[in-house]
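Biologist: Could you take me through one part of this model with some care, namely chain B, and then set a few local features of its partner beside it? I would like the overall build to come before the individual residues.

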Amino acid sequence: MAKMTLEELRKLRDSKKSDLRKRDIAGKDFQIIIGMGTCGIAAGAKGVFDAFMEELDARKLDNVAVTQTGCMGLCYVEPTVEIIAPDMPPVIYGKVDATVARLIVEDHIMKKKMVSDHVFDRPSADIIKDGGK
Amino acid sequence: MHASLCDFLLDIGHNAIEADSKNICLTIREERFLIDFTVKDDGKGMSEEVKKKVSDPFYTDGVKHKSRKVGLGIPFLIQAVEAVGGRFSLESELGKGTTVFFRFIKNHIDCPPIGDFVSTFVALLSFKEGYQMVINRSLLLDENKEEYQLDRLELLELLEDFSTIGNLKLLKSYVQSQEAALDEIRRQGWQK
């Protein structure tokens, strides 16, 4: 595979853009926030990040934003993932691996049904004020 | 403990992002038996006093988590580096920034696997904070050298944001194609 140039990336972006618009139905209301602190990384959060990317792409769910943050204060159940979805309370899932990530996409995001076995908490009280920054 | 060298890079790189840096420069120089990482930022830096304490796993500045008593990122790294006879150094000045350097000996039996640079770079580039990050990655095998550079602001201008899946996938395929050129000279090296 030859190295892609920025110009080629631009062309690829333009060709995908029309595609994206067609799929974008409910706006960017869904948010997946992955904890990438030392604790998260040690527990495999990077693999979870990759799994969400693959699963959302496979299901063509482009209206979901995936972002990363530091430790959310639940180190004992890492990797942790917060899901913000319209009409649902924000939820923090713990002990998330690639399989659970796929379940979250299928159940929580697509069917609006929580993955009960992995629901943990809101962030610890000591970091909630600053939003976990 | 982290499973791969890339995990250490992600951890230390994330420290730089969280230190309110405007400019972060990551350099990864890989050779046949060595791999050197440099994470340089212009963030808030550390005082002499704090610098002495960073290697202590029971020290944290307590800003983010008030009641927490541990800070494991750098101690993990030092432990892993020492296990393979590598090197670790940290230079920092309060208000000016921090530079962390670490070296792993790849063929040491206790050296963790290198890991996946592509997903690590995608993760490092796509944190939501506003920062510039330049990643210089090179591989030198005998006389063959291959290298590439990723410039966060340049890519961000092109792709607009790094949170939607479509854009993250585009970013990933771009990084993948750059890293593939390094795999090519690695393959040539084996054939010799």
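Modeller: Helices and strands here are DSSP runs, helices being H or I over at least four residues and strands E over at least two, and they are numbered from the N terminus. Read in that way, the elements of chain B follow the order α-β-β-α-α-β-β-α-β-β-α-α from the N terminus on, which comprises six helices and six strands. The model is a predicted one, and every value below is computed from it.

As to overall dimensions, the C-alpha trace of chain B spans about 50 × 45 × 25 Å along its principal axes. Its radius of gyration is 17 Å, which agrees with the value near 16 Å that a compact globule of 192 residues would have. Of the 192 residues in chain B, 53% are buried, and among contacts with a separation of 6 or more, 62% are made by residues 24 or more positions apart. The surface that chain B exposes comes to about 8,800 Å², of which carbon and sulfur atoms supply 51%. Chain B carries 25 positive and 31 negative charges, and the mean positions of these two sets are 4 Å apart.

For the interior, a good place to begin is F104(B). The largest nonpolar core has 85 residues, and within it I32(A) and F104(B) are the residues that touch the most other members. Leaving out residues up to four places away in sequence, F104(B) touches L5(B), F8(B), F33(B), L34(B), I35(B), F37(B), L77(B), A80(B), V81(B), V84(B), C111(B) and P112(B).

F37(B) also leads to another residue of chain B, since T27(B) counts F37(B) among its contacts, together with D36(B), T38(B) and N136(B), when neighbours within four places in sequence are left aside. T27(B) belongs to strand β1, residues 23–30 of chain B, and because its relative accessibility is 23%, T27(B) counts as partly exposed, the limit for a buried residue being under 20%. T27(B) and R137(B) are separated by 110 residues in sequence, yet their C-alpha atoms are 5.9 Å apart in space.

Turning to the partner chain, three places in its backbone deserve attention. Most residues other than glycine have a negative phi, and most peptide bonds are trans. Against that background, the peptide bond joining E78(A) and P79(A) is cis, with omega about -5 degrees, and P79(A) sits in the loop between β2 (64–69) and β3 (81–84) of chain A. K60(A), which is not a glycine, has a positive phi of about 55 degrees; this lysine is in the loop between α3 (45–58) and β2 of chain A, and its relative accessibility of 48% is why K60(A) counts as partly exposed. K95(A) likewise is a residue other than glycine with a positive phi, here near 50 degrees, and its place is the loop between β4 (91–93) and α4 (98–111) of chain A. With a relative accessibility of 49%, K95(A) also counts as partly exposed.

Helix α4 of chain A contains D107(A), which at 9% relative accessibility counts as buried. Apart from residues up to four places away in sequence, D107(A) touches K112(A), K113(A) and V115(A).

Note on methods: Residues are numbered from 1 along each chain as its sequence is written. Chains are lettered from A and ligands numbered from 1 in the order in which they are written. This is a predicted model: local features need pLDDT of at least 70, side-chain atom pairs count only at pLDDT 80 or more; totals for chains, interfaces and linings use all residues. Side-chain values use heavy atoms; hydrogens and water are left out. The radius of gyration is taken over C-alpha atoms; the globule rule is 2.2 Å times the number of residues to the power 0.38. Buried means under 20% relative accessible area, exposed over 50%, partly exposed in between (1.4 Å probe, protein chains only). Contact means heavy atoms within 4.5 Å. Accessible areas come from the Shrake-Rupley method with a 1.4 Å probe; for residues, only the protein chains shown count as cover. Lys and Arg count as positive and Asp and Glu as negative; His and the chain ends are not counted. The place of a charge is taken as NZ of Lys, CZ of Arg, CG of Asp or CD of Glu. A nonpolar core is a set of buried Ala, Val, Leu, Ile, Met, Phe, Trp, Tyr and Cys residues joined through side-chain atoms within 4.5 Å.
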